[in-house]
Amino acid sequence: MGRPKRLYPLGKYRLRTPKVVDKEKAYPVELEYTWNRQVIRKTTNVFVKVADWNQNGNQGRGEIRASHGGESKRLNQL
């Protein structure tokens, strides 16, 4: 008897940054999840600076900090 298959993917958000990070540049936020043992990354068309990204927020899934601006609350609910 194996593990039951999940009906929907459960993933997390991550900031796609290069190895050398520019603090003034905004980077895209991606949704990363696994489905049938494959890692799938989809862009969200949201761009955030490194200082405004909280990897451990939203119960460990990643969120935008309030220092990003007035739209941070709306973008986190997407």
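Here is a chat about the strands, salt bridges and core of this structure, which is a predicted model.

Reader: Let's start with the sheet. In what order do the strands form it?

Author: Strands of a sheet pair through backbone hydrogen bonds, either parallel or antiparallel. Here there are 3 strands in an open sheet, and the pairing is antiparallel. The order is β1-β2-β3.

Reader: Which strands stand at the edges?

Author: Look for strands with a single partner strand, so that one side is left without a neighbour in the sheet. That description fits residues 12-15 and residues 38-49. The edge strands are therefore β1 and β3.

Reader: And by how many degrees are neighbouring strands turned against each other on average?

Author: For this one, direction is ignored. On average, neighbouring strands of this sheet are turned by 30°.

Reader: How many bridges join β2 to β3?

Author: Strand β2 covers residues 26-35 and runs antiparallel to β3. You can spot some facing pairs by eye: Tyr33 sits opposite Ile40, and Leu31 sits opposite Lys42. On the other side, β1 and β2 pair over 4 bridges. For β2 and β3, the number is 9.

Reader: Which residue in the turn between β2 and β3 has a positive phi?

Author: The two strands make a hairpin, with 2 residues between them. In that turn, a phi of about 55° belongs to Asn36.

Reader: Okay, charges next. Which residue forms a salt bridge with Glu30?

Author: Start with where Glu30 lies, which is strand β2. Its salt-bridge partner has its closest N or O atom 3.4 Å away. That partner is in the loop between β1 and β2, 14 residues apart from Glu30. So you land on a residue that also makes a side-chain polar contact of 3.4 Å with Glu30, namely Arg16.

Reader: Is Glu30 buried or exposed?

Author: Glu30 touches Lys12, Tyr13, Arg14, Arg16, Arg41, Lys42 and Thr43, leaving out residues up to four places away in sequence. One of these, Arg14, stands opposite Glu30 across the β1 and β2 pairing. The relative accessibility of Glu30 is 8%, and the cut-off for buried is under 20%. So Glu30 counts as buried.

Reader: Lys49 has a salt bridge too. Which residue is its partner?

Author: The closest N and O atoms in this pair are 4.0 Å apart. Lys49 is in strand β3, and its partner is in the loop between β1 and β2, 25 residues apart. Lys49 counts as partly exposed at 33% relative accessibility, while the partner counts as exposed at 61%. The partner is Glu24.

Reader: Which residues are linked in a network of salt bridges?

Author: One link is between Arg41 and Glu32, with the closest N and O atoms 2.8 Å apart. Glu32 counts as buried because its relative accessibility is 16%. With one further residue, the network is made up of Arg14, Glu32 and Arg41.

Reader: How many salt bridges does the count come to?

Author: Among them are the pairs Glu30 with Arg16, Lys49 with Glu24 and Arg41 with Glu32. The full count comes to 5.

Reader: Now the inside. Which elements give two or more residues to the largest nonpolar core?

Author: In soluble globular proteins, nonpolar side chains tend to be buried together. The largest nonpolar core here has 8 residues: Leu15, Tyr27, Val29, Val46, Val48, Trp53, Ile64 and Leu75. One of them, Leu15, touches residues including Tyr27, Val29, Val48 and Trp53. The elements giving two or more residues are β2 and β3.

Reader: Val48 is in that list. What is its relative accessibility?

Author: Val48 lies in strand β3. Leaving out residues up to four places away in sequence, Val48 touches Leu15, Lys25, Ala26, Tyr27, Val29, Trp53, Ile64 and His68. Val48 counts as buried, because its relative accessibility is 0%.

Reader: Last one: how many Å separate the C-alpha atoms of Val48 and Ser72?

Author: Along the chain, Val48 and Ser72 are 24 residues apart. In space, their C-alpha atoms are separated by 9.9 Å.

Technical notes
Residues numbered from 1 in each chain as written. Predicted model: local features only at pLDDT ≥ 70, side-chain atom pairs only at ≥ 80, totals over all residues. Heavy atoms only, no water. Pairing = 2+ DSSP bridges. Axes fitted to C-alpha atoms, helices over the stretch in contact; angles between N-to-C directions. Buried < 20%, exposed > 50% of the residue type's maximum accessible area, 1.4 Å probe, protein only. Core = buried A, V, L, I, M, F, W, Y, C linked by side-chain atoms within 4.5 Å. Contact = heavy atoms within 4.5 Å. Polar contact = N/O pair within 3.5 Å; in protein donor to acceptor, adjacent residues only side chain to side chain.
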